[in-house]
Amino acid sequence: MYRKFKADQIFTGYEFLPGNKVLITSGAGEIVDVVDEGDAGDNVEIFQGILSPGFINCHCHLELSHLKGFIPKRTGLVDFVFKIVTERHFEEAEILSAISSAEEEMTRNGIVAVGDICNNSLTIAQKIKGNLWYRNFIETSGFPPSVAVQRFQRSVDFYNSYAACLQNNSIVPHAPYSVSPELFQMINDFPGNDILSIHNQEITDENLLFENRQGDLLRMFEKMNIDISFFKPPGKTSLQTYLPYLNKLQSLILVHNVDTSKEDIMFSNSQFRTYNSQLFYCLCPNANLYISNLLPDINKFVEHDCSIVLGTDSLASNDQLSILDEMKTINQHFPVIELGKLFQWATINGARALGCDEIYGSFEKGKKPGIIQVRGVNGNNINDAEEKRII
């Protein structure tokens, strides 16, 4: 049994096809072919708007879903992080219920695969249901070198909990300002740790810390009673400081990139060509606006032909979990970016970054990427667009 889909446009994961093409799948949603309308035969289902592969959410914190609306907007990163660390502990039943609801929201919004940050094992029960595909990024942190061994072992314990019942797991660094060189080395050397993610240059103060030991992150260390008397600033940006520690990877996802310069981009792209590895820049614009009311200069990443992907971050820092809403925000602030690029970032690029492109991300024979309908697109403007999951 086959299903046949026709729309105003079909986005394959790579390009838009005109309305005279028909997408054919098996009854189970496996891609069979894309053919001319005249060769499709009968029983073609007609849809308005665009048909696209399911969206890929490359950065989420599902375990923080219970904090929706809890943290005020535009407090800045330091105060946001402090509230996350000190006030995230709710009753377990409430957390689990919020996790389930957040996953249902992602599914409803056409998301099929997620790169999820994990600091505990609370999302396992939901993930083993198999509603969405996950890559679990088990997060580790500890800026003082003296805590590196203890903190890494704690993350290994969580990793083992995930690996006992779920595939696609990695131990990843939280952020440059929260991971010591010793801890970076342990992450780099961990067996099978080939796809990583890191919160990168989310605020200017991160670079100030590494360049000359200044900025608001010093206040964060003080608030958290973390002694950093050992720290000697290397005199370089955070990205140029830590990236050489990660030289054994298949790919790395740099998340946020609000204060990533042209020089940082050139350095990073060159470094990963040397490693023969893939580097992805994940944009979470709605979270950036929620926390600090700032956005990265996305045109800069486009100009340097960077591999860009999209993420929602968490409901602690976002009003919804929708990749289309992230695309809308980019479209509003950077209208010169072509719609095809936005869809590519949301589909095949994301699938490649998470290592699930054999299944998801594009309408290619043998894949089961899901199908979503996007209506309300007006030329290159998607402000009024809405998504609906078809398969």
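Where is the place of Gly-235? Gly-235 sits in the loop between α7 (217-223) and α8 (238-242). This is a predicted model. Gly-235 is partly exposed, at 48% relative accessible area. Apart from neighbours within four places in sequence, Gly-235 contacts Phe-210 and Glu-211. Ser-261 lies 26 residues away along the chain, and its C-alpha atom is separated from that of Gly-235 by 15 Å.

**Strand β11 and its partners**

Strand β11 covers residues 251-256. Six of its six residues are buried, so β11 is largely enclosed by the rest of the structure. Strand β10 (residues 195-200) pairs with β11 in the parallel sense, over six bridges. Within that pairing, Leu-196 has Leu-252 of β11 as its bridge partner. Strand β12 (residues 278-283) also runs parallel to β11, joined by five bridges. There, Ile-253 is partnered with Phe-280 of β12. From β11 the chain passes through helix α9 (residues 262-275) to β12, and this β-α-β crossover is right-handed. In a regular strand, side chains alternate between the two faces of the sheet.

His-256 belongs to β11. His-256 is buried, with 0% relative accessibility. Beyond its neighbours within four places in sequence, His-256 is in contact with ten residues' worth of surroundings that include His-59, His-199, Asn-200 and Glu-202. Cys-282, Cys-284 and Asp-313 are also among the contacts of His-256.**Nonpolar cores**

The largest nonpolar core has 88 residues. Among those with the most contacts inside it are Phe-55, Met-106, Leu-252, Ile-253 and Trp-345. Leu-252 touches Leu-196, Ser-197 and Ile-198, as well as Leu-243, Leu-246, Phe-272, Gln-278, Leu-279 and Phe-280, leaving out residues up to four places away in sequence. A second, separate core has 22 residues, including Leu-64, Ile-71, Ile-203 and Ala-316.

**Salt bridges**

Side chains of opposite charge can pair when their charged atoms come close. The count here is twelve salt bridges. Three of these pairs are listed below, with the distance between the closest N and O atoms.

| Pair | Closest N and O atoms |
|---|---|
| Lys-21 and Asp-36 | 2.5 Å |
| Glu-87 and Lys-83 | 3.2 Å |
| Glu-104 and Arg-108 | 4.0 Å |

What does the salt bridge between Lys-21 and Asp-36 tie together? Lys-21 lies in strand β3 (residues 21-26) and Asp-36 in strand β4 (residues 31-36), so the pair ties together parts that are 15 residues apart in sequence. Lys-21 is partly exposed, with a relative accessible area of 22%. Asp-36 is partly exposed too, at 34%.

The other two listed pairs lie within helices. Glu-87 and Lys-83 both belong to helix α1 (residues 77-87). They are four residues apart, about one turn of the helix. Glu-87 is partly exposed at 31% relative accessible area, and Lys-83 is partly exposed at 23%.

Glu-104 and Arg-108 lie in helix α2 (residues 92-108). Being four residues apart, they are separated by about one helical turn. Arg-108 counts as partly exposed, with 49% relative accessibility. Elsewhere, salt bridges that share partners join Asp-79, Asp-216 and Arg-219 into one network.

Note on methods: Residues are numbered from 1 along each chain as its sequence is written. This is a predicted model: local features need pLDDT of at least 70, side-chain atom pairs count only at pLDDT 80 or more; totals for chains, interfaces and linings use all residues. Side-chain values use heavy atoms; hydrogens and water are left out. A salt bridge is a side-chain nitrogen of Lys or Arg within 4 Å of a carboxyl oxygen of Asp or Glu. Buried means under 20% relative accessible area, exposed over 50%, partly exposed in between (1.4 Å probe, protein chains only). Contact means heavy atoms within 4.5 Å. A nonpolar core is a set of buried Ala, Val, Leu, Ile, Met, Phe, Trp, Tyr and Cys residues joined through side-chain atoms within 4.5 Å. Two strands pair if DSSP finds at least two bridges between them. A crossover is right-handed if, with the strands pointing away from the viewer, the path from the first strand over the helix to the second runs clockwise.
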